[in-house]
Amino acid sequence: MFVLSCSEKPEKKVLSKAVYHWKSSYQPSEKAKETFTKLDINKTYIRFFDIDFNKEINQAIPKGMVKFKDSPKGNLVPVVYITNRTFKSLNLEETTKLATKTASKIKSIASDHSLTFNEIQLDCDWTETTQAKYFHFLEKLKGEFEEKVKLTCTLRLHQVKFREKTGVPPVDRVALMLYNVGDWTNIQTKNSLFDPSIIDQYIYRLPEYPLPVDIALPIYQQAIVFRNNRFHTYFKNVSKLDLKRHFNTKPGENGNLLICQENCEFQNQSFRKGDVFRHEKVDFKTLNKVKKAILKRVRNKDVQILLFHLDHKSLDNFTLKQYSKLLEN
């Protein structure tokens with residue numbers, strides 16, 4: 001496949017390292033701290049809060065504010081996740097007000113915990129229909145901070161391939177998300193978390209992208225649950241062994257499917273006999289090959305590799321040596 005073709009010797013990039021933190025409480029384990037010290041990772045992108053549109057009050061509101069139970073070390077980057085439906089529901093004037101409120105919330109959280117930062121990142125899967133309002137939001141948000149504070153945002157594969165339709169955001173850099181690439185709600189999907197054949201369909205246009213591109217790699221596992229062939233729920237950081245340990249299952253036709261054999265409860269949820277679990281993970285060799293292929297096609301020489309995300313279970317998915325290889329050319 002094109003994306004796995006690494007026969008040409010890639011140009012050496014100047015790489016930097018970072019990690020995402022996407023949990024409601026910031027309190028890394030001692031093992032996590034030790035791992036990042038060994039890997040020389042001293043930059044963390046911390047999800048501060050989400051923004052979603054509440055139909056009942058007809059407003060966009062912040063949700064799930066992070067709680068700091070430990071003080072971040074090294075460089076900190078606040079990240080705000082905003083649903084695409086938020087911009088579908090707002091007009092331009094309301095989008096301007098949202099930018100002001102978002103900036104105020106970021107500053108408030110940082111001030112309450114004596115945190116400093118020189119970058120903010122926005123995460124939104126914007127589309128052609130929401131492009132204008134999202135980009136307006138980004139411009140107004142940027143204006144709420146000092147000039148030295150850089151603004152970055154996440155980038156999905158479809159926004160690379162169809163950039164004439166989705167546009168190029170008014171930010172300093174983008175972080176290309178190489179995970180959740182498939183339709184995770186479809187039981188026929190083999191691996192929605194990471195699939196090189198899907199990435200291959202989009203990434204050929206990456207050399208044309210006009211902004212500096214960083215690369216976000218998945219290091220977690222997940223399980224998608226289906227009931228009557230329809231999406232039911234999902235679990236992050238659940239291994240196949242975890243599923244077999246907590247559920248009485250039998251293998252499905254697909255190698256990564258497990259079929260529940262009896263009614264039970266897990267993590268405060270009820271499951272029925274016949275529910276189907278699709279376990280999804282990334283193997284190291286494939287992930288590293290894709291990373292190298294992407295590095296070849298990124299125009300900028302300085303590239304940041306971001307690991308998603310900081311969690312003790314995720315860290316167990318690869319060895320220290322493997323993480324070192326993922327973070328180098």
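Here are some notes on the aromatic contacts, the largest pocket and the salt bridges in this predicted model.

1. Aromatic pairs. Searching the whole structure turns up 25 aromatic pairs. Take Phe247 and Phe266: they meet edge-to-face, 5.3 Å centre to centre, with 70 degrees between the planes. Phe247 sits in the loop between helix 8 (240-246) and strand 13 (249-251), while Phe266 belongs to strand 15 (residues 264-266), so this pair ties together parts 19 residues apart in sequence. Both ends are tucked away: Phe247 is buried at 4% relative accessibility, and Phe266 is buried at 11%.

2. Another edge-to-face pair. Phe318 and Tyr323 have their ring centres 5.5 Å apart and 90 degrees between the planes. Phe318 is buried, at 8% relative accessible area, and Tyr323 is buried too, at 1%.

3. A cluster, and lysines over rings. Tyr20, Trp22, Tyr45, Tyr179, Tyr220 and Phe308 make up one aromatic cluster. Tyr220 also has Lys236 over its face, 4.9 Å from the ring centre. Elsewhere, Lys161 lies over the face of Tyr202, at 5.3 Å from the ring centre.

4. The largest pocket. It holds about 920 Å³ of space. There are 24 lining residues, and the closest to the pocket centre are Tyr81, Arg156, Met177, Asn180 and Lys236. So which elements give two or more residues to the lining? They are strand 3 (43-54), helix 5 (157-161), strand 11 (222-227) and strand 12 (230-236). By class, the lining splits into 11 nonpolar, six polar and seven charged residues.

5. A long-range salt bridge. The whole structure has 20 salt bridges. One of them joins Lys31 and Asp316, at 2.3 Å from N to O. Lys31 is in helix 1 (residues 30-39) and Asp316 in the loop between helix 10 (312-315) and helix 11 (320-326), so the pair ties together parts 285 residues apart in sequence. Lys31 is partly exposed at 45% relative accessibility, and Asp316 is partly exposed at 46%.

6. Salt bridges with other settings. Arg245 and Asp242 pair up at 3.0 Å, N to O; both are in helix 8, three residues apart, or about one turn of the helix. Is each partner buried or exposed? Arg245 is exposed, at 54% relative accessible area, whereas Asp242 is buried, at 17%. Glu30, Lys33 and Asp70 are joined into one network by salt bridges that share partners. Lys148 and Glu146 also form a salt bridge, with the closest N and O atoms 3.7 Å apart, and both residues are exposed.

Methods. Residues numbered from 1 in each chain as written. Predicted model: local features only at pLDDT ≥ 70, side-chain atom pairs only at ≥ 80, totals over all residues. Heavy atoms only, no water. Phe/Tyr/Trp six-rings, centres within 6.5 Å; stacked < 30°, edge-to-face > 60°. Helix = DSSP H or I, 4+ residues; strand = E, 2+ residues; numbered from the N terminus. Buried < 20%, exposed > 50% of the residue type's maximum accessible area, 1.4 Å probe, protein only. Lys NZ or Arg CZ within 6 Å of the ring centre and 35° of its normal. 1 Å grid on protein atoms, 1.4 Å probe; cavity = no way out; pocket = protein on both sides within 12 Å on 5 of 7 lines; lining within 4 Å. Points joined across faces, edges and corners; volume = space filled by probe spheres on them. Nonpolar A, V, L, I, M, F, W, Y, C, P; charged D, E, K, R; others polar. Salt bridge = Lys/Arg side-chain N within 4 Å of Asp/Glu carboxyl O.
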